[in-house]
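Have a look at the model below, and then let's ask how each label put on it is earned.

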Amino acid sequence: MNRCGGLNLEEFMNKKMRKLEKSNGNDIEDQTNLDRISNMPTDVLNTILVHLPLRDAARTSVLSSKWRYKWTSISEFVLDDKCFSSSPHCDDRWEEIMKIIRHVQSNHNGSIKKFKLAAYCYPEHSQLGEWIEFVAEKGIEELSLQDFIFIKRFKLPSQVFSCPQLSCLDLYGCIFKLPSRFEGFACLKSLQLNQVSITSETLESLVHSCSVLEKLTLLDIDHIASLRIHNQTLKYLKIDSEFADISLENSPLLDSVDIRMVPFHERIMARYLEQGRACNLLRILGGLDSVRRLILSSFFIEFLANGNITERRTFAFNHLSYLELKEVRFCCFKEVFVTVSMLRSSPNLEELYLSVSGSYDLSKPVLDYLKSQYLFEFSFNRLKEVRIRGIYGTRTEWEFIKLILARSPVLETLVIVKFEGDRIPESLLFQTERASEDVKIVTLAL
């Protein structure tokens with residue numbers, strides 16, 4: 001990085017602004033360095049300013065008359081809590097943000113590549129919409145709206161759908177409707193929707209029409225019953241939302257999948273469950289041939305066992321190396337069935353992380369099912385690390401741990417965290433059958 005008097009440029013700018021705010025700006029040496037910076041190419045000055053918090057970038061207006069409006073023409077604007085020198089009430093924050101926006105709208109003469117709003121404030125919908133229209137016409141590439149306060153959803157301006165260079169779109173608290181002639185975002189690689197109102201059909205069309213999309217995140221989507229995620233280039237998928245059904249067909253490149261399902265309305269859930277389909281585990285996840293990292297949580301694990309459960313496994317996660325299952329209930333047959341089925345269908349699994357929830361009741365069907373697994377010839381031949389958190393010490397949990405130890409020949413580490421009472425003695429675990437003589441066993445208690 002270029003340097004002035006032993007300081008990098010950003011440090012010099014901050015130092016100079018502090019001095020000018022305390023003096024008349026007559027320091028000849030600093031003025032010489034400032035002139036040297038002022039004569040740098042515009043793209044270099046832009047790089048300096050975009051690396052400063054926007055509040056500090058705005059303060060460069062005091063450096064000289066040449067610098068008065070330079071900050072308003074930078075290519076990236078991040079409006080977050082760092083923009084406020086104090087902690088004004090959230091009702092006043094939007095007005096402060098609008099002061100910045102008005103300066104930019106009046107003086108900006110270049111492109112705007114990035115805009116991010118992540119400040120605790122109450123945006124005025126019409127003003128926010130006008131600003132989004134402004135940046136949309138400036139060649140925006142990254143548009144991010146995050147975690148502001150809203151009473152009702154605001155309608156996303158249609159100009160957003162005419163941004164040919166848009167590569168990252170992160171939306172919060174809006175109503176999302178596609179224009180009738182929308183042909184897709186040709187450059188969009190990352191899409192995040194958080195507390196957005198969108199229909200199942202619109203979401204499916206949006207995801208399918210983004211020809212280079214790689215990352216999709218859906219959080220707390222409003223009242224969407226069925227998620228249909230079909231995209232040929234998608235690699236990363238995270239869902240933490242309410243839904244009743246999901247389809248991941250025709251997404252052959254999915255590498256990382258993280259799904260937490262919030263149960264939908266009971267009547268709608270019943271309608272999907274009564275259709276007599278094949279087991280959801282096979283129907284939903286069976287086509288994920290490329291997935292390497294899989295995280296599944298709570299109700300979704302049970303949901304995967306709905307349908308026609310069968311011991312026949314006609315699919316395999318041949319590339320899966322990391323599996324994390326959260327809030328598994330060892331008193332629930334469906335959840336244990338899914339857990340064991342996924343383990344047996346993952347020949348290259350190396351890491352297993354399991355958190356346990358509400359497993360203090362004994363379930364004889366679960367116990368019998370786990371014991372029956374010894375009748376089958378299989379091993380977890382690549383499994384090296386297993387971490388199980390929150391067990392209660394029930395017989396079903398113990399039977400599962402025994403199965404892991406007995407069928408994991410290269411296991412290196414087993415960590416067990418007990419929820420209540422004393423930890424399980426390591427000596428007790430070493431008395432069980434172990435396929436790996438080198439396994440290190442660690443037991444803890446919460």
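What follows is a friendly run of questions and answers on this predicted model.

Q: What makes up the protein chain, in helices and strands?
A: The chain has 14 helices and 20 strands. Of its 446 residues, 48% count as buried. Among contacts with a separation of 6 or more, 67% are between residues 24 or more positions apart.

Q: Why is the pair of Trp-131 and Phe-134 called stacked?
A: A pair of aromatic rings is described by the distance of the centres and the angle of the planes. For Trp-131 and Phe-134 the centres are 5.3 Å apart and the planes 25 degrees apart. Rings pair if their centres lie within 6.5 Å, and planes under 30 degrees apart count as stacked, so both conditions are met. The structure holds 18 aromatic pairs.

Q: Where do Trp-131 and Phe-134 sit relative to each other along helix 6?
A: They are three residues apart in helix 6 (residues 125-136), which means that about one helical turn separates them. An α-helix has 3.6 residues a turn, so residues three or four places apart point the same way. Both Trp-131 and Phe-134 are buried. Ring pairs also link them with Phe-77 and Phe-115 into a cluster.

Q: Why is the pair of Phe-378 and Phe-380 called tilted?
A: Their ring centres are 5.5 Å apart and their planes stand at 55 degrees. Under 30 degrees would be stacked and over 60 edge-to-face, so 55 degrees makes this pair tilted. Both Phe-378 and Phe-380 are buried.

Q: What makes Arg-293 count as lying over the face of Tyr-322?
A: Arg-293 is at 4.0 Å from the ring centre of Tyr-322, and the distance limit is 6 Å. The charge must also be within 35 degrees of the ring normal. Arg-344 lies over the face of Phe-376 in the corresponding way, at 4.7 Å from the ring centre.

Q: How do you know that the buried residues of helix 7 share a side?
A: Ser-200, Thr-202, Leu-203, Leu-206 and Val-207 are buried in helix 7 (residues 200-209). They cover an arc of only 165 degrees around the axis, so they lie on the same side of helix 7. That buried side packs against strand 9, strand 10 (215-219) and strand 11 (226-228). The face turned away from it carries the exposed residues Glu-201 and His-208.

Q: Why is Ser-241 called buried?
A: Its relative accessible area is 2%, and buried means under 20%, so the label follows. Ser-241 lies in strand 12 (residues 236-243). It touches Leu-218, Leu-219, Asp-220, Ile-221, Arg-260, Met-261 and Val-262, leaving aside residues up to four places away in sequence.

Q: What makes the approach of Ser-241 to Ile-221 a polar contact?
A: The side chain of Ser-241 reaches the backbone nitrogen of Ile-221 at 2.8 Å. The limit for such a pair of N or O atoms is 3.5 Å, so the distance falls within it.

Q: Why is Cys-187 called partly exposed, whereas Cys-163 is called buried?
A: Buried means under 20% and exposed over 50%, so the 28% relative accessibility of Cys-187 falls in between. Cys-163, at 6%, is under the 20% limit and is therefore buried. A search of the whole structure finds zero disulfides.

Q: Where is Cys-187, and which residues does it touch?
A: Cys-187 is in the loop between strand 8 (174-175) and strand 9 (190-194). Its contacts beyond four places in sequence are Pro-164, Gln-165, Leu-166, Ser-167 and Val-212. Cys-187 and Leu-166 are 21 residues apart along the chain, with 5.9 Å between their C-alpha atoms.

Q: Why is Pro-409 called partly exposed?
A: Its relative accessibility is 33%, and partly exposed lies between 20% and 50%, so the label fits. Pro-409 lies in the loop between helix 13 (395-406) and strand 19 (413-418). Its C-alpha atom is 7.2 Å from that of Phe-380, 29 residues away along the chain.

Q: What makes the phi of Glu-327 worth a remark?
A: Most residues other than glycine have a negative phi, and most peptide bonds are trans. Phi of Glu-327 is near 60 degrees, a positive value. Glu-327 lies in strand 16 (residues 322-328).

Conventions
Residues are numbered from 1 along each chain as its sequence is written. This is a predicted model: local features need pLDDT of at least 70, side-chain atom pairs count only at pLDDT 80 or more; totals for chains, interfaces and linings use all residues. Side-chain values use heavy atoms; hydrogens and water are left out. Rings of Phe, Tyr and Trp (its six-membered ring) pair if their centres lie within 6.5 Å; planes under 30 degrees apart count as stacked, over 60 as edge-to-face and the rest as tilted. Helices (H or I, at least four residues) and strands (E, at least two) are DSSP runs, numbered from the N terminus. Buried means under 20% relative accessible area, exposed over 50%, partly exposed in between (1.4 Å probe, protein chains only). Contact means heavy atoms within 4.5 Å. The arc is that of the directions from the helix axis to the C-beta atoms. A polar contact is a pair of N or O atoms within 3.5 Å; within protein, one must be able to donate a hydrogen and the other to accept it, and residues adjacent in sequence count only if both atoms are side-chain atoms. A disulfide is a pair of cysteine sulfur atoms within 2.5 Å.
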